[in-house]
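Student: I would like a close look at a single part of this protein. Please take one residue and work outward from there.

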Amino acid sequence: MRRLRALEPLAWVGPAIVLIALVVLWPVIEMIRSSFLEISRLGVERGYNGFANYDKLFAEKDFADIMVRSVIWVVAVVVLTVLISLALAQLFNQRFPLRKLARWALIAPWAASVLMTAIIFKWMLDPEVGVINQIRLKLGLIDAMGGASADQLGDAASAMPWLIFVAVFVSVPFTTYALLAGLATIPADVYEAATMDGAGRLRTYWSITLPLLRPALTVAALINVMNVFNSFPIIWAMTHGQPGYSTSTSTILMYILKGSDIGESAAMSVVNFAMVIVLTVIFLRVSRWNKEVA
């Protein structure tokens, strides 16, 4: 009877463990296994291939540039998202007319499909009929920005900033709401004590709000790091990683390789998986997430 009682918790956690094993662990194991196989374009396994897939991947002439761009992409989007969300969270935490309406409006980019949002921005940036081009025309900026036929998504120098902008646009709502939830947990008497001690707004924000907001900020930023690194719809819908590989990240390269060499694509998936772990560990170290607020 004692043994049966000791096994009772398995009835509750067992289904979750099985689900995690099937949805998370098994695909990871298959991904790693596939990276050491020779697989035809039709998905037929031809046998063990050793490290040939990795050798071929690392020999790709654009591999190093793509990996560096992937890191820059993650850092730029996450940093901008967090900074903008901190400001918006502080704003929406105040009382003002139509605050509820403003909060609902903030949800819109998050509620909409990321792919749909990317396609809309691609249409807006169309060099011929896009609304952004029409605004440039009205403001007399056509010549200054490359003429009427200038394609903002056809040049890496202008395409990457637009891709980052769209990624920030769709990431800000979730991050802002996560920070709003964190602000709601800060006791009001802490601010009252700071006011009585003569602390100004900036001092209060820096010494009280940010430290107490760190748990929510860490979770929101960490989720953004993982989501942005693995982001596919925005870049694929707007540029397909072109021209060349100039707007490709490692996730886009993985998808492109799938069409020609599944084994090499699997190797890229393993590298991506490792990169996410490395970036996550670095972020947790920098953020000192397990240190208590003094």
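**Leu 25 and its surroundings**

Tutor: In this predicted model, Leu 25 is partly exposed, because its relative accessible area of 49% falls short of the over 50% that counts as exposed and is not under the 20% that counts as buried. Leu 25 sits in helix H2, which covers residues 8-34. Leu 25 is also one of the residues that make a nonpolar surface patch of about 760 Å². The other members of this patch are Val 18, Leu 19, Ile 20, Leu 22, Val 23, Val 24 and Ile 29. On helices in general, an α-helix has 3.6 residues a turn, so residues three or four places apart point the same way.

For the setting of this part, the protein has 13 helices and 2 strands. Its accessible surface comes to about 17800 Å², and 69% of that belongs to carbon and sulfur atoms. Of the 294 residues, 38% are buried. The C-alpha atoms fill a box of roughly 80 × 75 × 30 Å along the principal axes. Among contacts with a separation of 6 or more, 66% are between residues 24 or more positions apart.

Another helix, H13, spans residues 262-287 and has 26 residues. From its first C-alpha to its last, H13 reaches 37 Å, close to the 38 Å expected at 1.5 Å a residue. At the start of H13, Asp 261 places a side-chain oxygen within 3.1 Å of the backbone nitrogen of Gly 263.

Key:
Residues numbered from 1 in each chain as written. Predicted model: local features only at pLDDT ≥ 70, side-chain atom pairs only at ≥ 80, totals over all residues. Heavy atoms only, no water. Patch = residues over 30% accessible without salt bridge, like charges linked within 9 Å, V, L, I, M, F, W, Y side chains within 5 Å. Areas by Shrake-Rupley, 256 points an atom, 1.4 Å probe, with all protein chains shown as cover. Salt bridge = Lys/Arg side-chain N within 4 Å of Asp/Glu carboxyl O. Helix = DSSP H or I, 4+ residues; strand = E, 2+ residues; numbered from the N terminus. Buried < 20%, exposed > 50% of the residue type's maximum accessible area, 1.4 Å probe, protein only. Expected span 1.5 Å × (residues − 1). Polar contact = N/O pair within 3.5 Å; in protein donor to acceptor, adjacent residues only side chain to side chain. Contact = heavy atoms within 4.5 Å.
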